[in-house]
Amino acid sequence: MTLSEETRKTLCDEFGVTRLVELMERDFEDMSPEADVDREKAALYAERNRGSVRLNAGRFYTATEYAERIRKVKALNLP
């Protein structure tokens, strides 16, 4: 992927690294409900995002929804 120098600088500043290669070696934590992304915020960037169709359409689990789904699945009584 080719990025402009301005984009590289913005990403490095945002993530607190000096080179983008450092991001590959970083361990990212699981998303917590406090840092969760909501569908309204994702919808703001949908036109600019050329990635996942599911993200653009808001068809994803938030951290809170995912935690609730895990709780329900674990509570199922299997035959």
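## A tour of a five-helix model

Start by selecting Tyr61, Tyr66 and Ile70: together they form a nonpolar patch on the surface, with about 310 Å² of accessible area. A patch here takes residues with over 30% relative accessible area and no salt bridge, joining like charges within 9 Å and nonpolar side chains (Val, Leu, Ile, Met, Phe, Trp, Tyr) within 5 Å. The areas come from the Shrake-Rupley method with a 1.4 Å probe, and for residues only the protein chains shown count as cover.

Before moving on, note that this is a predicted model, in which local features need pLDDT of at least 70, side-chain atom pairs count only at pLDDT 80 or more, and totals for chains, interfaces and linings use all residues. Residues are numbered from 1 along each chain as its sequence is written, and side-chain values use heavy atoms, leaving out hydrogens and water.

Stay on Ile70, which sits in helix α5 (residues 63-75). Ile70 counts as partly exposed because its relative accessibility is 32%; buried means under 20%, exposed over 50%, and partly exposed in between (1.4 Å probe, protein chains only).

In the same helix, pick Arg71 and Glu68. Their side chains meet in a salt bridge at 2.5 Å, N to O, where the rule asks for a side-chain nitrogen of Lys or Arg within 4 Å of a carboxyl oxygen of Asp or Glu. The two lie 3 residues apart in α5, about one turn of the helix. Arg71 is partly exposed at 48%, and Glu68 is partly exposed at 33%.

Next, go to helix α1 (residues 5-15), home to Arg8 and Glu5, again 3 residues apart. Their salt bridge spans 4.0 Å, N to O. Arg8 is partly exposed at 32%, whereas Glu5 is exposed at 61%.

Also in α1, select Asp13 and Lys9, whose side chains form a salt bridge at 3.0 Å, N to O. They are 4 residues apart, so about one helical turn separates them. Asp13 is exposed at 52%, and Lys9 is exposed at 53%. That completes the count of 3 salt bridges.

Now zoom out and colour by pLDDT, the predictor's confidence in each residue from 0 to 100. The chain averages 78, and 84% of the residues score at least 70. Confidence is lowest in helix α3 (residues 39-44), with a mean of 71, and highest in α5, at 88.

Finally, switch to a cartoon view: the chain has 5 helices and 0 strands, where helices (H or I, at least four residues) and strands (E, at least two) are DSSP runs numbered from the N terminus. Of its 79 residues, 13% are buried.
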